[in-house]
There are 2 protein chains.
Amino acid sequence: MALILPRDLCRTLLRTRNLCNAGIRGRHEDRTVHRLLQGLQAGQRASLAEAITLVETSHPLKKQQAGHLLTRVLQDANDQYSEKGPQALSFRIGLSGPPGAGKSTYIENFGKFLTSQGHKVAVLAVDPSSATTGGSLLGDKTRMPELSRDDDAYIRPSPSRGHLGGVTRSTNEAIMLCEAAGYDTVIVETIGVGQSEFSVVDMVDMFALIIPPGGGDELQGLKRGIMEMSDLVVVNKSDGDLVPAARRMQYEYISALKFIRPKSKHWKTPVKRISSLTQEGIPELWELMQEFRHTMEESGEFVERRKTQRRAWLWTHLKDNLVSAFVGTPGMRERIREAETRAMEGVVSPGDAADQLLLLHITQLQKAA
Amino acid sequence: MALILPRDLCRTLLRTRNLCNAGIRGRHEDRTVHRLLQGLQAGQRASLAEAITLVETSHPLKKQQAGHLLTRVLQDANDQYSEKGPQALSFRIGLSGPPGAGKSTYIENFGKFLTSQGHKVAVLAVDPSSATTGGSLLGDKTRMPELSRDDDAYIRPSPSRGHLGGVTRSTNEAIMLCEAAGYDTVIVETIGVGQSEFSVVDMVDMFALIIPPGGGDELQGLKRGIMEMSDLVVVNKSDGDLVPAARRMQYEYISALKFIRPKSKHWKTPVKRISSLTQEGIPELWELMQEFRHTMEESGEFVERRKTQRRAWLWTHLKDNLVSAFVGTPGMRERIREAETRAMEGVVSPGDAADQLLLLHITQLQKAA
């Protein structure tokens with residue numbers, strides 16, 4: 001019994017990424033990779049922007065270059081880590097919150113505060129919805145006008161292509177590139193709704209939820225389980241008339257968090273009030289974030305989380321690739337739709353429908369032999 | 001470019017289930033299938049028990065029989081549904097809660113109440129931990145002594161083999177068999193911790209969370225996002241000295257639920273107090289459950305949810321099968337471990353590690369050609 005994989009399937013498998021050339025050390029570098037690497041090491045923004053565009057591309061030759069570049073970047077990062085330990089690592093902060101929470105104003109102010117303290121800050125956005133709207137380059141510059149003019153800040157608009165898997169993969173790689181260019185604080189912001197929070201939480205060292213002081217109805221939009229993922233809850237807009245409402249919200253979140261199993265046994269998720277308008281609470285919030293990092297480093301959880309995240313990402317990519325190779329088999333999409341219909345109508349059990357699809361796959365391959 | 005799938009891979013693919021014989025209508029039935037089918041239609045417990053054991057097996061020939069049996073059961077269920085509409089469908093109720101919530105006593109009393117009202121009640125347990133401990137047959141009979149002697153109740157201990165995917169697949173199929181044997185109410189209980197609640201919620205029409213009136217610390221054990229999945233929250237043990245604590249708990253849950261996006265736009269998750277000891281609140285709880293079912297049926301969501309669940313299960317099985325076929329390739333386990341280590345140590349990016357594994361897979365297949 002021997003099965004032949006048809007040419008199309010091979011191509012699908014290979015197309016998922018340029019497999020042959022990814023991540024092998026010590027290979028001859030082409031000029032682009034060399035130039036970008038030098039640019040990154042010199043902290044040049046233009047090189048960073050070009051490098052991120054490179055990892056976002058789906059062009060086969062450029063994907064090959066992106067693979068080389070990332071391997072070198074990882075090598076350098078590892079050398080630095082071996083030398084200096086966890087201190088060599090940047091601080092990756094995830095930010096999420098419902099529309100109207102004042103995320104942009106917060107990042108603008110928080111980012112300016114950080115650069116004034118001598119930090120270099122990169123802001124990346126994960127926005128799966130932009131796959132259809134075509135990105136939001138202009139939007140990003142408009143909503144953080146001061147930070148985008150700051151020499152020590154780099155704001156990257158969200159990538160404008162691909163499904164969530166693709167977008168999150170390139171965001172993950174963009175984080176590494178920002179770090180290579182010397183940005184010690186990387187803020188990953190989620191825009192839009194849906195699953196993006198769940199991807200971001202697996203990319204960052206600390207995940208913060210930002211909420212407005214508004215009433216209960218606005219919060220109905222909160223994504224499932226988002227409180228459980230948060231290392232910190234920030235009640236924004238705690239200024240003027242809104243202070244009592246912000247206090248109430250703070251109290252309610254503290255009480256709601258009691259019902260949730262702590263994400264880390266070394267850290268109890270705090271709920272803090274701040275005002276992006278008056279800057280009140282922003283320095284204290286940064287102190288709290290540093291305390292979190294210190295606690296995580298001391299317990300070893302900081303490095304452990306990063307390792308666990310990398311393994312989780314490996315499996316996400318692997319499963320995605322296997323499924324896309326399967327779905328990409330000629331004629332399979334139609335068969336899947338048929339199987340879905342039959343399972344949904346209850347004509348076959350879901351398990352049998354899945355088995356039949358796999359059998360069909362094998363039969364097709366046999367015929368192709 | 002033609003790739004040969006080696007014999008081992010074929011066998012792995014085929015072994016994931018007996019593919020060739022699953023779910024095709026009108027095929028010649030063997031004697032066992034015929035006998036079980038007749039037993040189920042006559043509502044015989046012994047046949048039900050044997051049928052469930054059959055779908056839990058991993059023996060190839062028996063899997064084939066299980067496939068035939070399920071196809072026939074589905075056919076009959078569809079005929080009944082075409083004739084009578086949603087009323088022909090059973091009521092599948094999921095129950096979950098932390099240890100100490102009094103789940104067993106509740107199911108014992110609730111089950112007895114239902115059989116006294118003329119219902120036939122099946123109780124199934126999902127317990128992934130029993131894969132290692134070897135099941136809990138005795139435990140199930142001991143913890144619900146009266147219900148297990150009731151002629152109108154069928155208590156099935158949790159399956160004692162396999163990983164979560166396998167356990168949940170057979171639970172899904174056991175539900176269908178219970179329905180075929182005339183059980184109009186199927187209670188699916190989660191035992192143990194971890195991911196089991198998330199599987200159960202996709203198997204049932206209504207998901208209820210049961211909690212004890214105890215203090216905050218005990219509830220730290222609540223699984224992530226479980227509140228968001230609940231159609232109903234039951235505060236148990238609201239009797240004697242515990243009434244004030246139960247009231248407090250009820251209030252706190254009502255307030256915590258305000259922060260959660262409703263699971264259905266037609267239903268607001270209620271929080272009710274009951275006592276399994278004094279039976280107080282149990283008839284009212286059943287009325288509430290029926291009201292839920294009525295609301296869901298009226299809105300069409302009842303049938304829609306079942307369809308969506310079946311599609312979700314198809315994809316779960318499909319992905320599981322693809323991954324096990326991949327992992328089952330000769331030598332792959334070791335390579336995966338290596339890739340995981342390299343990704344965790346940061347030597348390669350997770351994306352590249354995944355790509356390299358796929359490439360290796362293809363290369364292996366080419367060599368086998």
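Is R92(A) buried or exposed? In this predicted model, R92(A) turns out to be buried, with a relative accessible area of 11%. That puts R92(A) under the 20% cut-off for a buried residue. Its salt-bridge partner is E179(A), and the two side chains meet at 2.7 Å, N to O. The contact links distant parts of the chain: R92(A) belongs to strand β2 (residues 91–96) of chain A, E179(A) to helix α9 (residues 164–180) of chain A, and the two positions lie 87 residues apart in numbering. E179(A) is a little out in the open, since its relative accessibility of 22% makes it count as partly exposed.

This pair is one of 22 salt bridges that the structure holds over all chains. Another joins the side chains of R306(A) and D205(A), again at 2.7 Å, N to O. Here too the pair links distant parts of the chain, with R306(A) in helix α15 (residues 301–327) of chain A and D205(A) in the loop between α10 (196–200) and β6 (206–211) of chain A, 101 residues apart. Both R306(A) and D205(A) are buried.

Chain B has a salt bridge between R306(B) and D205(B), at 2.8 Å, N to O. R306(B) sits in helix α15 (residues 301–327) of chain B, while D205(B) sits in the loop between α10 (196–200) and β6 (206–211) of chain B, so the pair ties together parts that are 101 residues apart in sequence. R306(B) and D205(B) are both buried. Back in chain A, salt bridges with shared partners knit D231(A), K263(A), E301(A) and R305(A) into one network.

What about cysteines? A disulfide is a covalent bond between the sulfur atoms of two cysteines. A search of the whole structure comes up with 0 disulfides over all chains. C178(A) counts as buried, as its relative accessibility is 0%. C178(B) is buried as well, with a relative accessible area of 0%.

Helix α2 (residues 31–41) of chain B has a buried set made up of V33(B), L36(B), L37(B), G39(B) and L40(B). These residues cover an arc of only 165° around the axis, which means they lie on the same side of α2(B). On the face turned away from that buried side, α2(B) carries the exposed residues R31(B) and Q41(B). The ends of the helix offer some detail too. At the N-terminal end, D30(B) acts as a cap, with a side-chain oxygen 3.1 Å from the backbone nitrogen of T32(B). Just after α2(B) comes G43(B), which takes a positive phi of about 70°.

Strand β3 (residues 121–126) of chain A is another story. Of its 6 residues, 6 are buried, so the strand is largely enclosed by the rest of the structure. In a regular strand the side chains alternate between the two faces of the sheet. In β3(A), V121(A), V123(A) and A125(A) point one way, A122(A), L124(A) and V126(A) point the other way, and all are buried.

What does β3(A) pair with? It runs parallel to strand β4 (residues 153–156) of chain A, with 4 bridges joining the two. In this pairing, L124(A) stands opposite R156(A) of β4(A). Strand β3(A) also runs parallel to strand β5 (residues 185–190) of chain A, and 6 bridges join them. There, A122(A) stands opposite V186(A) of β5(A).

Key
Residues numbered from 1 in each chain as written. Chains lettered and ligands numbered in written order. Predicted model: local features only at pLDDT ≥ 70, side-chain atom pairs only at ≥ 80, totals over all residues. Heavy atoms only, no water. Salt bridge = Lys/Arg side-chain N within 4 Å of Asp/Glu carboxyl O. Buried < 20%, exposed > 50% of the residue type's maximum accessible area, 1.4 Å probe, protein only. Disulfide = S-S within 2.5 Å. Arc of directions from axis to C-beta. Polar contact = N/O pair within 3.5 Å; in protein donor to acceptor, adjacent residues only side chain to side chain. Pairing = 2+ DSSP bridges.
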